[in-house]
Amino acid sequence: MLFSVDQVALSQVLQPVSRAVAARTTLPVLEGVLVTASQHGVTIAATDLEIGIECHLPAIIEKEGSVILPARYFVELVKRLPAANLSISLHEANNTVEIVWGKSQYIIHGLPAEQFPSLVKGIGPETFSVAGENLREMIRRTIFAVSHDDARPILNGVLFELKGENQLLNMVSTDGIRLACCVGEVATRLDQSHSFILSARAMAELVRLCPADDDVKVWVNENHAIFQLGGLQFMARLLEGRFPDYKQVLPQEFSTSARLDTESFLASCERAALLSRKGNINPINLHFTDELLAISAETPEVGRVHEEMAAVKTGDDLSITFNARYLVEGLRALEGEETIFEATGPYGPSCLRPVQGSQSYFYLVLPLRTG
Amino acid sequence: MSNDARIIFHIDMNAFFAAVEELDHPEYRGQPIIVGGDPDGRGVVSTASYAARQWGIHSGMPVARARALCPQVIILPVNMERYRAVSSQLMAYFRTLTPLVEPFSIDEAYLDMTGLAQSWEHAIAWAKTIKRDIKARFGLTTSVGIGPNKLLAKMASGMEKPDGLVVLRYQDLPAKLWPLPVDELFGIGLATAVTLRKIGLATIGDLAQAPVDFLTRRFGSYGAKLVAWANGRDTDLVLSERERPESIGRETTFRTDLHDPDALFGHLLWLSDAVCTRLRQERMLCRTVTVKLRFADFRTITRAHTLINATDVTGQIHRAAKRLLQEHWQGSPVRLLGVTLSGLQEKSAGRQMAFFPDPQDKQDIRLDKALDNVRERCGSDAIWRARYLLTGSRGKGEDK
């Protein structure tokens, strides 16, 4: 293997790819990046078996070949080199790589490329594609509601549902206390329906890589989803198991509905939460009467708060208590000036959704049962 | 401020259980209600509403007798869980006024208002505000007694019921307290009252003027206290509730190091059961479960797991502890095993509801309730899970 490549281009590729390098592993190969020189250029890949990233960059190839280099040294070294042409060659007998820049020379010991696990690639026509900007927003508006309790690992992921009949992508997440659902349009025609679950970890990496102005092609197979993000392929292992039947908990009708100014509602909830601390929770009470929402909270040792804001209410009066955190996080995920708050009663799920918005979104949240 | 210049409130919820029932059942409002017993007319009256009291019904009376006095009386079962919930909301409200709140029973509390009320007039204004607040926020009427100490505050609140507000200062004693019969003085039981009357002390005033040494000869040191009380002297401070625990833990050191998984998991269940029972007694919920392991070579590890939702269900906590043990115990002999619950919160702050609850939960909650019931009545050793007999994990472990 012998090629020459621009330091800036190589470093730009190594940064995102190295995020897939395993942090703690008993397999040394997973601590490395796979460098492959082929007639098409250079490919850099890394995986921790849960996610994988592969990126291609142009280079002048003099001899094909491949090797695994320890990310800790290779990535950091390239980052610190000046912007110049680098010549990289492999001594195949002992997997040693020589990097030459001007009169400087660096030797790094690598591992044989055959030991690297093969990364699943998106081949053939994609399963679907979606605008990068759309995907990024959808992830942002669902990822925060996943569970971090590994008692039910399936809830540590985001459910993707693709509906062949209406060309829509549903993303759903829940930790058992609240549930976020975002519906977006797909960019290419779907032939059939699909459903799969990706871990929050994979989603968090994916959102960093999403291009702002390009479509993302997605391939889905039995165990993996592969995302084409510009010149980069992102692979994520699907979570195994069955996502709970969330449709069963979606309320069919609401007994109270109110229209609120999103920003003031959020600010009020945040202020009330400040003066409400009971162990790990911040209970705040919402009291809806005609045209008025009273938000109140108290902590015996701290004090209490009572705020009122305008709310166009229809249906029953309602007094309901939430852990403030769950309201605040939901409100932050909304977009638009106005929010519709709908409730099924003091002990049933409530729903937040924007009055307008580019994507259809709702956030269901369960209250605290007090008294 | 010295002790005798304090301003203490005693707040008494009028006919509390009946009042809560009236709140929950507006259709009964103003009607004669008694709480206690079953509709078959067994048991005794726990609380009678003021409407019922007009028929001569009072607490402690057999329900059958109450029904004889007032055939249309509404008999309701005791819903202690609900009263307790309202009570803890009330206590929480009191604590927004002053940190010095001493709950005296489910429907009474002492508040040290010295810091807030600069004068007796100011204290009365505060008392009116509190009464109005409680009426508005909870729909309940109260009798407030104000005095320079707990004893006089308590005596004062008893003087006007329902919906009273009485100030009892030292200068008010001759007119307001002393004419009352001795058995009305707080701290005097029936037997003492009989003895006092026998020796010619019929009113609180008689007792206040009696020579102390005469009474100490008769009653010992209690005699001196009686005279002090009759003179309105009481040095008891308002003690705010004891600190809530930050964590609840239990651990056990084995007589011989354990390497049998069945035995170890049996002990884990016992420890989980013990800490959860304690958690429920404290009326708290927890979110974090920590398992502690000390090996034969004294190497010690602690591993924690935080649940999404706070709980007090033994089954849930045991399952979390078990997962931790399975994940972190590789089979080397164990000298000590411990389970600690932290991230505690008051149950009264509210229980977070959940979508998709584990179907196992319902059964676990029923089992906890049954075990707690037996243990409350017959002691903590009265009932055990059969599993403990197999693993010999019964009754060991120290509170931490």
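**Exercise 1. Is Glu298(A) buried or exposed?** Then describe the salt bridge that the residue forms.

*Solution.*
Step 1. The model is predicted, and the values below are computed from it. Glu298(A) has a relative accessible area of 14%. Buried means under 20% relative accessible area, so Glu298(A) is buried.

Step 2. The partner in the salt bridge is Arg137(B), with N and O 2.7 Å apart.

Step 3. Place the two residues. Glu298(A) belongs to strand β21 of chain A and Arg137(B) to helix α5 (residues 120–138) of chain B, so this pair joins two chains.

Step 4. Check the partner. Arg137(B) has a relative accessible area of 37% and is partly exposed.

**Exercise 2. Describe the contact between chain A and chain B, beginning with its extent and ending with its charged pairs.**

*Solution.*
Step 1. Count the residues. Chain A contributes 37 residues to the contact and chain B contributes 27 residues.

Step 2. Take the area. The two chains bury about 2,700 Å² between them, and 59% of this is on carbon and sulfur atoms. On the chain A side, Asn280(A), Pro300(A) and Arg304(A) lose the most area to chain B, together 20% of what that side buries.

Step 3. Count the polar links. There are 10 residue pairs in polar contact between the chains, with both residues at pLDDT 80 or more. The number of salt bridges between chain A and chain B is 2.

Step 4. Locate the chain A side in the secondary structure. Strands β14 (178–185), β21 (292–299) and β28 (368–369) of chain A each supply at least two residues to the side that touches chain B. By class, that side has 16 nonpolar, 10 polar and 11 charged residues.

Step 5. Name the charged pairs. Arg304(A) forms a salt bridge with Asp133(B), and their closest N and O atoms are 3.8 Å apart. Glu298(A) and Arg137(B) also meet in a salt bridge.

**Exercise 3. Which strand of chain B pairs with β28(A), and in what sense?**

*Solution.*
Step 1. The partner is strand β14 (residues 351–352) of chain B. The pairing is antiparallel, over 2 bridges.

Step 2. Find a facing pair. Arg369(A) stands opposite Arg351(B) in β14(B).

**Exercise 4. Work out the surroundings of Thr174(A).**

*Solution.*
Step 1. Thr174(A) is found in strand β13 (residues 168–174) of chain A.

Step 2. The relative accessible area of Thr174(A) is 0%, and the residue is buried.

Step 3. Follow the polar atoms. A polar atom of the Thr174(A) side chain lies 3.0 Å from the backbone nitrogen of Gly176(A). The same side chain reaches the backbone oxygen of Arg178(A) at 2.7 Å.

Step 4. List the neighbours. Leaving aside residues up to four places away in sequence, Thr174(A) touches residues including Leu155(A), Leu179(A) and Phe243(A) in chain A. Among its contacts in chain B are Phe355(B) and Phe356(B).

**Exercise 5. Compare two salt bridges within chain A by the accessibility of their members.**

*Solution.*
Step 1. Side chains of opposite charge can pair when their charged atoms come close. The structure holds 39 salt bridges over all chains.

Step 2. Take Asp175(A) and Arg178(A), which form a salt bridge at 2.7 Å, N to O. Asp175(A) is buried at 5% relative accessible area, and Arg178(A) is buried at 1%. Together with Arg325(A) and Glu329(A), these residues are linked in a network of salt bridges.

Step 3. Take Lys313(A) and Asp290(A), which meet at 3.3 Å, N to O. Lys313(A) lies in strand β23 (residues 312–315) and Asp290(A) in the loop between β20 (283–289) and β21 of chain A, so the pair ties together parts that are 23 residues apart in sequence. Lys313(A) is buried at 10% relative accessibility, whereas Asp290(A) is exposed at 57%.

**Exercise 6. Trace the strand pairings of β6(A).**

*Solution.*
Step 1. Strand β6 (residues 65–70) of chain A pairs with strand β2 (residues 32–38) of chain A in the antiparallel sense, over 6 bridges. Here Leu69(A) is the bridge partner of Val33(A).

Step 2. β6(A) also runs antiparallel to strand β10 (residues 111–112) of chain A, joined by 2 bridges. In this pairing Val67(A) stands opposite Pro112(A).

How values were computed:
Residues numbered from 1 in each chain as written. Chains lettered and ligands numbered in written order. Predicted model: local features only at pLDDT ≥ 70, side-chain atom pairs only at ≥ 80, totals over all residues. Heavy atoms only, no water. Contact = heavy atoms within 4.5 Å. Buried area = accessible area lost by both parts, 1.4 Å probe. Salt bridge = Lys/Arg side-chain N within 4 Å of Asp/Glu carboxyl O. Polar contact = N/O pair within 3.5 Å; in protein donor to acceptor, adjacent residues only side chain to side chain. Helix = DSSP H or I, 4+ residues; strand = E, 2+ residues; numbered from the N terminus. Nonpolar A, V, L, I, M, F, W, Y, C, P; charged D, E, K, R; others polar. Pairing = 2+ DSSP bridges. Buried < 20%, exposed > 50% of the residue type's maximum accessible area, 1.4 Å probe, protein only.
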